[in-house]
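Student: Could we go through the disulfides in this one, and then look at the pocket and the core?
Tutor: Yes, let us put the chain up and begin with the cysteines.

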Amino acid sequence: MRLLRIGMSAAAAVALALTAAPAHAGTTAPAAAGGDNHALRGAGWALKQTGKDARFRGLAAVNRSTAWVAGSQGTVLRTTDGGRSWQDVSPPTAAAEGLELRDIEAFDARRAVALSIGEGEASRVLRTDDGGRTWTETFRNADPRAFYDCLTFFDSRHGIAMSDPVDGRFRILSTDDGGRSWTVLPDAGMPPALPGEAGFAASGQCLVSAGPRDVWLATGGGATARILHSSDRGRTWRAAESGIPAGDPAKGVFALAFRDRTTGLAVGGDYRTGEPSPQAAARSADAGRNWTPAAAPPPAYRSGAAWLPHTRATALAVGPTGTDATTDGGRTWRPLAAGSFDTVDCTADGSCWAAGEKGRVARLERR
């Protein structure tokens, strides 16, 4: 979405110190009985010094040791030692042109696909197979009406990216070779967009997938904030109202997180500093056909969300003013601490990473 070409102002960066709290629903194996009651106890965000001042809205956590971040000024960093050191692996052209890299998806420590946003040719996809030593531009948008916001992969070969509406419908870009080539899908299976409706390029989480074929797309800006679901890798879609307030270009759903193909969370609000964000979280238990507003949502705008691995009902939500947790599958959220992050990602080995403004990257660790 065009309003997010300029970075949002955020609260002062402070170290997070998560207080004792139960954890929530995981992305992989279920926890032992009572596991959620202790999943976050004694845990906190441990900042990892990157030496950069870019704003990292793109984050791909591979495991406890390896993570990639992408952001402003065409910057891409990679760590393979848990954040103790970072390699600047920025694509030379992206850095030279100052592209906004708002999303990155990584398959391992060597292979990653990054998305830059913007009108026309500013929207591009780049891929590396050698840990960022070299990059290949695999897609450059030639349509001045398109503006790509997010991408996601179902596996190491199949993925899609989404653009704000063109000719009244969201545009979907598809790959079946790991991002080496891309094709715009026909839009016959895409419901018409609402007036003013678009995606938010805030965290790389406006388009998320679960399993081999299911994908969800989050919107805002229109009269209603919607969530669209496809069960065939983006060829046909069904739209549902999220219950999160919209009706303004700055309001809507900013991030989605699905634990599996049925259980999902949505967070968002009003990204403008100082503006209230009531009812800015919702949950679904039926693959996104219906959404129920949180009984106690986060107290402010949140741009990123992730399920905590190996728990039943615990997730994190992050934004410029802090981090919140739910331990009951998104019914209620409680603040954990202040500190600015834009995006969060958790991995199958139980690690969680967050990234945001002023080069901030952190990993959740026991204290």
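Student: What's the handedness of the disulfide of Cys150 and Cys206?
Tutor: In this predicted model, the torsion about the S-S bond of Cys150 and Cys206 is about 125 degrees, so the disulfide is right-handed. The S to S distance of this pair is 2.0 Å.

Student: And which parts does that pair tie together?
Tutor: Cys150 belongs to strand S10 (residues 147-153), while Cys206 sits in the loop between strand S13 (183-184) and strand S14 (207-210), so the link ties together parts that are 56 residues apart in sequence.

Student: Are Cys150 and Cys206 buried or exposed?
Tutor: Both Cys150 and Cys206 are buried.

Student: How many disulfides does a search of the whole structure find?
Tutor: The search finds 2 disulfides, and the second link to discuss here joins Cys346 to Cys352, with an S to S distance of 2.1 Å. Counting bonded cysteines along the chain, the pattern is 1-2, 3-4.

Student: What's the handedness of the link of Cys346 and Cys352?
Tutor: That link is right-handed, with 105 degrees about the S-S bond. As for burial, Cys346 has a relative accessible area of 12% and is buried, and Cys352 also counts as buried, at 1% relative accessibility, because the cut-off for buried is under 20%.

Student: Switching to the largest pocket: how much space lies in it?
Tutor: About 940 Å³ of space lies in the largest pocket. It is lined by 36 residues, and those closest to its centre are Glu105, Phe153, Ser209, Asp345 and Cys346, the last of which is the cysteine bonded to Cys352.

Student: Which strands supply at least two residues each of that lining?
Tutor: They are strand S2 (56-61), strand S6 (100-106), S10, S14, strand S18 (251-258), strand S22 (304-307) and strand S26 (343-346). S10 is also the strand that holds Cys150 of the disulfide with Cys206.

Student: How do the lining residues divide into nonpolar, polar and charged?
Tutor: The lining of the largest pocket has 22 nonpolar residues, 10 polar residues and 4 charged residues.

Student: Last topic, the largest nonpolar core: which residues touch the most other members?
Tutor: Of its 17 residues, those are Leu40, Trp45, Leu308, Leu316, Cys352 and Leu364. The elements giving two or more residues to this core are strand S1 (43-47), strand S23 (315-319), S26, strand S27 (352-355) and strand S28 (361-366).

Student: So where does S26 come up?
Tutor: S26 gives two or more residues to the largest nonpolar core, and it also supplies at least two residues of the lining of the largest pocket.

Conventions
Residues are numbered from 1 along each chain as its sequence is written. This is a predicted model: local features need pLDDT of at least 70, side-chain atom pairs count only at pLDDT 80 or more; totals for chains, interfaces and linings use all residues. Side-chain values use heavy atoms; hydrogens and water are left out. A disulfide is a pair of cysteine sulfur atoms within 2.5 Å. Helices (H or I, at least four residues) and strands (E, at least two) are DSSP runs, numbered from the N terminus. Buried means under 20% relative accessible area, exposed over 50%, partly exposed in between (1.4 Å probe, protein chains only). On a 1 Å grid over the protein atoms alone, a cavity is a set of points where a 1.4 Å probe fits but cannot get out, and a pocket is an open set with protein on both sides within 12 Å along at least five of seven lines; lining residues have an atom within 4 Å of a point. Grid points are joined across faces, edges and corners, and a volume is the space filled by probe spheres set on the points. Ala, Val, Leu, Ile, Met, Phe, Trp, Tyr, Cys and Pro count as nonpolar, Asp, Glu, Lys and Arg as charged, and the others, Gly among them, as polar. A nonpolar core is a set of buried Ala, Val, Leu, Ile, Met, Phe, Trp, Tyr and Cys residues joined through side-chain atoms within 4.5 Å.
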